[in-house]
Amino acid sequence: MNKILINGKFVDEHEATVAYNDRGYNFGDGIYEYIRIYDGKLFTAREHFERMLRSASEIGLDLNDSVDDLISLVRELAEINHVSNGGIYIQATRGISPRNHAFPTPPVEPVITGFATAYQRPFKELNEGVSVVTTEDIRWLRCDIKSLNLLGNVLAKEYATKYNAVEAIQHREGIVTEGASSNAYAIKDGIVYSHPTNHLILNGITRQVIKWICEDENIIFKDEAFTVDFLKDADEVFISSTSAEVMPVVKIDGEDVNDGNVGAITRQLQKGFERYIDSHSVS
Ligand SMILES: *Cc1c(COP(=O)(O)O)cnc(C)c1O
């Protein structure tokens, strides 16, 4: 039986229900994180929870928990569920209150829920690469907040699924922003390009790890926006996220990227990522 985290308690899955007037349910009024566990260790958990506290603060949500509190909470969640390889989802909403757009006054207690899922790394896709499609970015202008409001992302991902692709790379008037649930990169003449981390993209922790790997390996990383045409004409393309890691893209809108094979720099970044898994986990 899965144990679900609800406000500091671990409850059986069938008893894990939330209120009809939780603001997360009514308005998507909350934020979340998704953290990877490799061999029983939380990967870059500190970075994830620092981002979670930032997301909360950007929407005026006061969480009573510190980064260390949150780390011990999800560690316990993983242990109780015997998940040593998999992921942890955790979210916080502004709480339960009669439906009214403005914040409750006085504030109510946030509702924190989470669950742990066991799964293996996507080795086949990491090795062979995946297909993506491109689509217009219709999301709001605070994509830097990991918000529960994901309708734009949901519609983009559904579009990708309909066209047998694993991800939709979004663009605003031809400028690539990011995937529905991943960051996007183009490599041209040995340089890795990715949209600057402003209000138009989510600042991925995996993106940060990739920047560290580039520093280690003397690969030039540019926080620089590029067009859909540049993406399609790139030497190599990949996406990144906590679950997808460094995921090669070999087809965009049905056309091969370069010769359709996974490129050398993408492979180098994947190797570098393995080293970070070994060295950067929080036990
Ligand atoms: C979570 C997320 C990412 C990836 O972030 P990671 O911290 O690397 O998992 C990228 N884009 C969006 C829209 C996301 O929600």
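In this predicted model, T135 is located in strand β7, which spans residues 130-136. T135 is buried, its relative accessibility being 16%. Beyond the residues within four places in sequence, the contacts of T135 are with A156, Y159, A168, I169, Q170 and H171.

Strand β1, formed by residues 3-6, contains I4. The relative accessible area of I4 is 13%, and this residue is therefore classed as buried, the limit being under 20%. When residues up to four places away in sequence are set aside, I4 touches K9, F10, V11, E13 and A16, together with G114 and F115. The C-alpha atom of I4 lies 7.2 Å from that of T113, although 109 residues separate the two along the chain. N7 occupies the loop that links β1 to β2, the latter comprising residues 9-12. Its backbone carries a positive phi, near 45°, in a residue other than glycine. With a relative accessibility of 43%, N7 is partly exposed. Strand β2 itself includes D12. With neighbours within four places in sequence left aside, D12 is in contact with M1, N2 and K3. For D12 and M1, a sequence separation of 11 residues corresponds to a C-alpha to C-alpha distance of 6.5 Å.

Aromatic side chains form 10 pairs in the structure. In one of them, Y38 and F43 adopt an edge-to-face arrangement, with ring centres 5.5 Å apart and 75° between the planes. Both partners are buried: Y38 has a relative accessibility of 5%, and the value for F43 is likewise 5%. A single aromatic cluster is made up of Y32, Y89 and F115; F115 is also one of the residues touched by I4. An aromatic ring is further involved in an arrangement with a charged group, in which the charged end of R94 sits over the ring of F103 at 3.5 Å from the ring centre.

The loop connecting β5 (86-93) with β6 (111-118) includes P106. The peptide bond between T105 and P106 is cis, with omega about -10°. Most peptide bonds are trans, and most residues other than glycine have a negative phi. A departure from the latter tendency occurs at N258, where phi is positive, at about 50°, although the residue is not a glycine. N258 is placed in the loop between β15 (255-256) and α8, and its relative accessibility of 51% makes it exposed.

The loop between β15 and α8 also contains V257. In contrast to N258, which is exposed, V257 is buried, at 3% relative accessibility. Apart from neighbours within four places in sequence, V257 makes contact with A234, D235, E236 and V237, and additionally with V249, V250, K251 and I252. V257 and N100, which are 157 residues apart in sequence, lie 48 Å from each other, C-alpha to C-alpha. E255 belongs to strand β15 and is exposed, with a relative accessible area of 56%. The C-alpha atoms of E255 and S131 are 9.0 Å apart, with their positions 124 residues apart in sequence.

Helix α8, comprising residues 264-279, packs against helix α6, comprising residues 205-216, with axes that come within 10 Å and cross at roughly 105°. The two helices are therefore roughly perpendicular. On the α6 side, the contact involves T206, V209, I210, W212, I213, C214 and D216, which meet L269, G272, F273 and Y276 of α8. Classified by residue type, this contact between α6 and α8 consists of eight nonpolar, two polar and one charged residues. The charged residue is D216 of α6, and the polar residues are T206 of α6 and G272 of α8.

Terms used:
Residues numbered from 1 in each chain as written. Predicted model: local features only at pLDDT ≥ 70, side-chain atom pairs only at ≥ 80, totals over all residues. Heavy atoms only, no water. Axes fitted to C-alpha atoms, helices over the stretch in contact; angles between N-to-C directions. Helix = DSSP H or I, 4+ residues; strand = E, 2+ residues; numbered from the N terminus. Parallel < 35°, antiparallel > 145°, perpendicular 65-115°, else oblique. Contact = heavy atoms within 4.5 Å. Buried < 20%, exposed > 50% of the residue type's maximum accessible area, 1.4 Å probe, protein only. Phe/Tyr/Trp six-rings, centres within 6.5 Å; stacked < 30°, edge-to-face > 60°. Lys NZ or Arg CZ within 6 Å of the ring centre and 35° of its normal.
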